[in-house]
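Student: I am new to this structure and would like a close look at a single part of it. Could you take me slowly through one place where two helices meet, and then set it beside the main pocket?

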Amino acid sequence: MDYLPVFFKITNQPCLVVGGGHIAKRKVNLLLKAEAKVTVIAPEVLPELKAQILASGGQVIEQVYQASYVAAQRLVIAATDDMVLNKQVFDDCEALHIPVNVVDAPDLCRFIFPSIIDRSPVVVAISSSGQSPVLARMLRTRLESIIPAAYGQLAAFVGSFRKQVQHTLPDTSVRRAFWEKELQGRFAELVYNGRTQAATEHLQQALSTHQQHAGEVYLVGSGPGDPDLLTFKALRLMQQADVVVYDRLVSQPILDLCRRDADMIYVGKARADHAVPQEDINQLLVRLAQEGKRVCRLKGGDPFIFGRGGEEIEELAAAGIAFQVVPGITAASGCSAYAGIPLTHRDYAQSVRFVTGHLKDGTPNLPWSELVHERQTLVLYMGLVGLEEIAKQLIANGMRPDMPVALVSHGTRPNQQVVTGEIATIADKVHESGIKAPTLTIIGDVVKLQDKLAWFGVTK
């Protein structure tokens, strides 16, 4: 992040605005909304701005700026068209460690003003870190349309019950689950409709009869890496889970979308390097759910395609734990699309087969003769290490040596890499390229389309 997003409480606090024109007036309006005690200094001040400041109990100094004026201020805004003066204000504030904003000069700002959606006490702030204020305003416009004006009323009403609920439900996770249920149900609708007495009675009843819900596990496929490929349901469950148990193949941008205060537990596995054995992962999910937690088991790709999701829900079912399964875009679909390779095509392949490149004992012991079909696309997961042996066995079982092959590394992500070649020589080509896991191997004549389709923008 270029800036740390914070909210200043400046009620009755001294704030200085240097400048008396229309830009200064816009900043003063924001400060006064936050009930700051504002002083404006400038040789000339707009009459309406002067009247506004005096009516609020602030001060107007119609003089040339002096460095002494920044002392004892909570924050300072320079809103003049004199860049020499603006730089002086910035330097004076820096010397005293006072937060300062110079309008339209990001390099001279210790804080910036975001685009704001005001549903007080709910306030949403959107920033482009000063790079594109127009984009920030566009985002604000979109959010304005989906955030009801009554949210502020709801937040204030909830605030009046906060201490009572905290006393009755001292456990943080239990309290969070209570509010999440009520804020999405009848209680919220009653507040929206102005039926505050009925809302109060409903909440009191809900609080007196509340029981901690049993834990639940969400088995969520996060796709191959691009967060834009998440489903709506996946995102919703990721953001309500108390605990997130995630794999090595889950990308950081996707982890960043999980609820920020959730406990994050890494259980990733790489070849010959299992951070947590699968049996322990199964038991971990059971234990967390038995503690009443909502657990998001976040997996790369799809949990049921070489993701061992079946083993995990078997354990959950045996323990009587409720669970949901959210499919994800599997690596074969995502990586092939972003690489410009259709897995089926009327002219090249009428079927596609998914296999894993290594089994429990780590060897590519596959039904080789079944995998060799002229008009079939073969997709291998986790086949990088055994690629040379895989190629040798396929050729030995009848695959033509010039069969096109593509390896896609870190598919759908910004660092995606694609290496293409022929089955007879692909192992050497991959070795020379230095391509790294995770990779997906696509074998078949559909790979011939990669150059043409990728060029015309199939890849992201």
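Tutor: What follows goes through one helix pair and then turns to the pocket. Please keep in mind throughout that this is a predicted model.

The pair to look at is helix 5, which covers residues 151-168, and helix 8, which covers residues 196-209. Two packed helices are described by the angle between their axes and the distance between the axes. For this pair, the axes come within 12 Å and cross at roughly 15°. Because angles under 35 degrees count as roughly parallel, helix 5 and helix 8 are roughly parallel to each other, and their crossing is right-handed. On the side of helix 5, the contact is made by Phe157, Phe161, Gln164, Val165 and Thr168, while helix 8 brings Thr196, Ala199, Thr200, Leu203, Gln204 and Leu207. Taken by residue type, this contact divides into six nonpolar and five polar residues, with no charged ones.

Turning to the largest pocket, its volume is about 1,800 Å³, and 45 residues line it, with Leu30, Ile112, Phe113, Pro114 and Ile116 lying nearest its centre. Among the elements that give two or more residues to this lining are helix 1 (22-33), strand 6 (115-119) and helix 4 (133-144), and helix 1 gives the most, with six residues. The lining of the largest pocket divides into 29 nonpolar, seven polar and nine charged residues, whereas the contact of helix 5 with helix 8 has no charged residues.

Terms used: Residues numbered from 1 in each chain as written. Predicted model: local features only at pLDDT ≥ 70, side-chain atom pairs only at ≥ 80, totals over all residues. Heavy atoms only, no water. 1 Å grid on protein atoms, 1.4 Å probe; cavity = no way out; pocket = protein on both sides within 12 Å on 5 of 7 lines; lining within 4 Å. Points joined across faces, edges and corners; volume = space filled by probe spheres on them. Helix = DSSP H or I, 4+ residues; strand = E, 2+ residues; numbered from the N terminus. Nonpolar A, V, L, I, M, F, W, Y, C, P; charged D, E, K, R; others polar. Axes fitted to C-alpha atoms, helices over the stretch in contact; angles between N-to-C directions. Parallel < 35°, antiparallel > 145°, perpendicular 65-115°, else oblique. Left-handed = near helix turned anticlockwise from the far one by under 90°. Contact = heavy atoms within 4.5 Å.
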